[in-house]
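Colleague: Could you take me through the salt bridges in this model, please? I would like a close look at how the charged side chains pair up and where the partners sit.

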Amino acid sequence: MKAYYHLPGLFEFYELYKEFLPLYRKHREYFYDWCDIGSIYGAPADCIWGGGRVGFGEHDSKEVLRLMQEYGISARLTFSNSLLTKEHLPDKKCNELCRIFDIGGDNERSRGFGNGIIIYSDILLDYIKENYHDFYFVSSTTKVLTDFCEFENELNREEFRYVVPDFRLNKSFDKLKALSQHQKDKVEFLCNECCWFGCMDRKKCYETVSRKNLGEDCPEHYCTAPDAGQGYLFSKAMENPGFIGIDDIKNTYLPMGFSNFKIEGRGLGSAMVLEFLLYYMTKPQYQIHVREHIYLDNMLDLF
């Protein structure tokens, strides 16, 4: 089996991917042969259906789509706002995004995958299914599915091609092994979460982001986790009990029948995302070549 990575920053890190993807195609020998890019996900700025993170990408949607089609990569719109009501459904910007990205799985440049939507709200799910017919759907990790029975119920919902459980289920190996292969094919693990493993406020944090995306004047959510003031550190994420590294993927998850892995990072900056691309996809002896190629592009602001 091959591991498929679902990468952050469809709109946010367009310039990074514009440099990285040609290198990935031209010098495939730089990268592990047991993995590939399954999708790139994100949402632009001022997207009220957005969730998980407040989007800041400003790049033209049609150019973003062209880049994904050029390299045969599925584009996923992150529409995981948890607080949507019917009054939010006619939003002009979000509907225009759906119209642009609704290309269908049979499009010759889509490799049969088409484009997807990462989603929380069933209200929005029903609306998109009714009005845009060619998307596949991913159940968002913002649902914070920490109960394995609830997670399994989500896997059994036919409308979802993939389900992203809370990262605290990543090492529930006895229960994960017992899933059917059909269920395993739908699991998409969040690999590099830095959030405190014992956090009880994760859903509240996501709700605050949803309110911000809706333009509501809401109080800030202050994380009470130990060392929260440090922000995201990849080294800290690697120490998280739920962290999934490349050895875990090769030696544990792929042999168990799992093949989909999500990398978070939309709000972290392109320098950090590059580090994820190096760690998860690039052979150690070629990492310097990839770094040099990206860093020497003076058009990229990586810091």
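Modeller: Happy to! Here a salt bridge means a side-chain nitrogen of Lys or Arg within 4 Å of a carboxyl oxygen of Asp or Glu. By that rule, this predicted model has 9 salt bridges.

Let's begin with the pair Glu154 and Lys143, whose side chains meet in a salt bridge at 2.4 Å, N to O. Glu154 belongs to helix α5 (residues 148-155), while Lys143 sits in the loop between β5 (136-139) and α5, so this salt bridge ties together parts that are 11 residues apart in sequence. Both partners fall under the 20% cut-off for buried: Glu154 has a relative accessibility of 9%, and Lys143 has 10%. The pair is also part of something wider, as salt bridges with shared partners join Asp122, Lys143, Glu154, Arg157 and Glu159 into one network. Within that network, Glu159 and Arg157 form a salt bridge of their own, 2.8 Å from N to O. Glu159 is partly exposed, at 26% relative accessible area.

Another salt bridge worth a look links Arg99 with Glu96, where the closest N and O atoms are 2.5 Å apart. Both residues lie in helix α3 (residues 92-101), and because they are 3 residues apart there, about one helical turn separates them. Arg99 is partly exposed at 47% relative accessible area, and Glu96 is likewise partly exposed, at 33%. That contrasts with Glu154 and Lys143, which count as buried.

Key
Residues numbered from 1 in each chain as written. Predicted model: local features only at pLDDT ≥ 70, side-chain atom pairs only at ≥ 80, totals over all residues. Heavy atoms only, no water. Helix = DSSP H or I, 4+ residues; strand = E, 2+ residues; numbered from the N terminus. Buried < 20%, exposed > 50% of the residue type's maximum accessible area, 1.4 Å probe, protein only.
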